[in-house]
Amino acid sequence: MRADTSTTANAIVGRGVGARRSKGWTPRTEATLRIVAPISFGLIVLVIWQLLVTVGGVSDYLLPSPISIVTELVEFWPSVVSATVLTGTNSLLGLLVGSLVGIVFAAVAARWRIADQMSAPIVAALAVVPIVALAPVLNSMFGADSQFGRQAIAAIASFVPIFINTLRGFRQTKPVHRDLMKAYATNSGQMLMKLTLPTARPFILTGIRIASSLAVISALVAEYFGGPRGGLGSLIATSAASSAYGRAWAYVVASIALGLLFYLATLALERLVLRRVPTGGSR
């Protein structure tokens with residue numbers, strides 16, 4: 001029976017390799033296609049977009065052309081850069097604080113059952129907090145010239161996925177491993193640093209990667225509702241209100257680039273850490 005299973009598995013693997021070879025795709029070709037394919041698709045979308053505006057007669061009020069967006073982006077480049085730095089700083093601070101608090105709270109919840117039961121409704125409430133309602137309140141509490149309200153909102157948005165993923169990772173330790181650590185007379189701190197935290201490392205990094213985009217989105221949305229001007233969100237709202245739609249879309253493009261930058265940075269961090277410090281299951 002075991003031989004038949006091995007034969008079947010080898011046949012399936014060989015079929016997959018044969019299909020790849022029949023297409024003539026080498027690993028380098030596949031890696032190139034992963035880069036070229038989305039870029040080509042994006043260029044096609046931009047061409048169709050431009051044709052819809054110029055040939056189809058779509059008004060700039062509804063959809064500015066890519067050329068007009070790029071023109072505004074170049075013309076207001078210093079403003080775009082400064083606004084991106086400001087929003088990125090708020091997002092980064094919120095992500096760092098949310099990550100630290102989420103990991104600490106998850107460690108406490110994993111250690112004590114009463115803390116887990118008490119944190120469940122709090123996390124559920126934070127997960128459904130409407131940013132559009134919370135942003136004006138925090139801006140009023142901390143003043144119109146403070147960035148703290150936006151950073152706090154980004155931290156709250158980051159906290160939830162990091163807490164949930166980290167808590168799930170802490171619960172992945174096997175009882176036999178915990179019993180072995182106890183047999184060596186390890187204390188709670190050593191158990192956390194030597195067993196629980198390394199086991200939860202992939203889950204923590206996944207939570208941070210998910211939270212990175214949420215931090216940027218939350219900071220952007222918070223900038224719509226009061227507070228100091230200068231961020232991408234406030235400039236998008238100001239440009240749209242003054243009928244400068246191409247300029248508003250230029251700030252939207254900068255916002256997209258900022259979100260992608262955060263996501264790719266956290267993705268690279270995740271791969272780097274997991275590659276250099278393998279988990280216990282991969283050894």
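## Exercises on helix packing and cores

**Exercise 1.** In this predicted model, find which residues Tyr251 touches beyond its neighbours within four places in sequence, and place Tyr251 in a nonpolar core.

*Solution.* With those sequence neighbours set aside, Tyr251 is in contact with Phe76, Ser79, Val80, Leu232, Leu235, Ile236 and Ser239. Turning to the core, Tyr251 is listed with Leu95, Phe163 and Leu232 as having the most contacts inside the largest nonpolar core, which has 32 residues. At least two residues of this core come from each of the helices H2, H3, H4, H7, H9, H10 and H11. Another core lies apart from it and has five residues, including Ala135, Ala152, Ile153 and Ala222.

**Exercise 2.** Determine how the axes of helices H5 (residues 113-127) and H7 are oriented, and what kinds of residues make their contact.

*Solution.* The two axes come within 10 Å and cross at roughly 140°. Angles over 145 degrees would count as roughly antiparallel, so H5 is oblique to H7. The crossing in which H5 passes H7 is left-handed. On the H5 side the contact is made by Asp116, Ser119, Val123, Leu126 and Ala127, and on the H7 side by Ile156, Phe159, Val160, Phe163, Ile164 and Leu167. Sorted by class, these are nine nonpolar, one polar and one charged residues.

**Exercise 3.** Decide whether Leu138, in helix H6 (residues 131-142), is buried or exposed, and describe its surroundings.

*Solution.* The relative accessible area of Leu138 is 10%, and because buried means under 20%, Leu138 is buried. Beyond four places in sequence, Leu138 is in contact with Gly149, Ala152 and Ile153. Leu138 and Ala152 are 14 residues apart in sequence, with their C-alpha atoms 8.3 Å apart in space.

Methods: Residues numbered from 1 in each chain as written. Predicted model: local features only at pLDDT ≥ 70, side-chain atom pairs only at ≥ 80, totals over all residues. Heavy atoms only, no water. Core = buried A, V, L, I, M, F, W, Y, C linked by side-chain atoms within 4.5 Å. Buried < 20%, exposed > 50% of the residue type's maximum accessible area, 1.4 Å probe, protein only. Helix = DSSP H or I, 4+ residues; strand = E, 2+ residues; numbered from the N terminus. Contact = heavy atoms within 4.5 Å. Axes fitted to C-alpha atoms, helices over the stretch in contact; angles between N-to-C directions. Parallel < 35°, antiparallel > 145°, perpendicular 65-115°, else oblique. Left-handed = near helix turned anticlockwise from the far one by under 90°. Nonpolar A, V, L, I, M, F, W, Y, C, P; charged D, E, K, R; others polar.
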